[in-house]
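Trainee: Could you take me through this one? I would like to start with the aromatic contacts and then move on.

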Amino acid sequence: MSARKIIIDTDPGQDDAVAILLALASPELDVLGITAVAGNVPLPLTQKNALLVCELAGRTDIAVYAGCDAPMGRKLVTAEHVHGKTGLDGPQLPTPQMALHDGHAVDFIIETLRREDPGTVTLCPLGPLTNIATAFDKAPDIVDRVQEIVLMGGAYFQVGNITPAAEFNIYVDPEAADIVFKSGVPLVVMPLDVTHKALTTAPRVEAFRAMGTEPGRMVAEWTDFFERFDKEKYGSAGAPLHDPCVIAYLLEPDLFTGRHVNVVIETGSELTLGMTVADWWRVTDRAPNAMFMGDLDADGFFALLTERIARL
């Protein structure tokens, strides 16, 4: 089988970085490009971090594009309190030698979907959905050409991690999320309900460190840094590796279980702004629009992640 064509849309973020490494280590995936968006940290840092991760993977052939520097209609909310001032705090990082590709990420997404055969490109958003929604708004003809969107965002049982009601990626740009969830593109959603089960326990982190490789060391040091926040917040044994769940699903979908249900994004309420209102129990007659995951084989997930990172 030919490799699955994907575009990774991202706001790195330590967990984004691990997701990118997983994708670049997996021959089943053909990464057509990486598009940076403002989210965990502002755009100048997310685009720089995407370049750094490609270099760490030894993949300077990957095209990286800078995208939207603010949500569609709101001020940017960032997460330095989790990821540090650079977004990749923890290990000492070099200055990237790779350069961004010319052009805007939104235009790259549009041009790629128009160029490739319909139904052959999967979009993998790991951050706020601003770039994707802006592309859909600017070029409605591309919507039907998308094979699938597999994204990290939202919550149901876990509710919220940036407000009592909302997960960070959706909260940062709820209007963009609303566009994407109403688009009709097949959606697979990795909410906090799943990602909070992908915990970086001490043995799992040591498995990365024991590789004796630079990618293994960096993954261990990134998780050492950002797990401090979640351990204190949730009292858990480690931190959730949110974004690698998106890539793991493309490689081993049987690691995940969920329900095909209706999901609506709250955009009008100050109290619950950005909430993913998932009809998990199917109590409405609203048509299902997303495969909303609810559980994860955590041991299988980390076995996959460890095996692939060791290849780099």
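Mentor: What follows covers the aromatic pairs, then the sheet, then the enclosed space. This is a predicted model, in which local features need pLDDT of at least 70 and side-chain atom pairs count only at pLDDT 80 or more, while totals for chains, interfaces and linings use all residues. Residues are numbered from 1 along each chain as its sequence is written, and side-chain values use heavy atoms, with hydrogens and water left out.

Trainee: How many aromatic pairs are there?

Mentor: The count comes to seven, where rings of Phe, Tyr and Trp (its six-membered ring) pair if their centres lie within 6.5 Å, with planes under 30 degrees apart called stacked, over 60 edge-to-face and the rest tilted. In one of them, the ring centres of Phe-157 and Trp-280 lie 5.8 Å apart with the planes at 80°, so this pair is edge-to-face.

Trainee: And where do Phe-157 and Trp-280 sit in the chain?

Mentor: They are 123 residues apart, with Phe-157 in the loop between β5 (146–152) and α6 (168–172) and Trp-280 in the loop between β9 (276–278) and β10 (290–296); helices (H or I, at least four residues) and strands (E, at least two) are DSSP runs numbered from the N terminus. Both also belong to one aromatic cluster with Tyr-156 and Trp-281.

Trainee: Is Trp-280 buried or exposed?

Mentor: Trp-280 counts as buried at 9% relative accessibility, whereas Phe-157, at 48%, is partly exposed (buried is under 20% relative accessible area, exposed over 50%, partly exposed in between, with a 1.4 Å probe and protein chains only).

Trainee: Switching to the sheet, what is its strand order?

Mentor: It is an open sheet of eight strands in the order β3-β2-β1-β4-β5-β6-β10-β7, with mixed pairing, two strands being paired if DSSP finds at least two bridges between them. The edge strands β3 (64–66) and β7 (256–261) each have a single partner strand, so one side of each lacks a neighbour in the sheet.

Trainee: How many bridges join β7 to β10?

Mentor: Six, and the two strands run antiparallel; Phe-256 has Leu-296 in β10 as its bridge partner. Phe-256 is buried, at 5% relative accessibility.

Trainee: Last topic, which element gives the largest share of the lining of the largest cavity?

Mentor: That is α10, with five residues. Of the 23 lining residues, those closest to the centre of this cavity are Val-82, His-83, Asn-161, Phe-168 and His-242.

Terms used
On a 1 Å grid over the protein atoms alone, a cavity is a set of points where a 1.4 Å probe fits but cannot get out, and a pocket is an open set with protein on both sides within 12 Å along at least five of seven lines; lining residues have an atom within 4 Å of a point.
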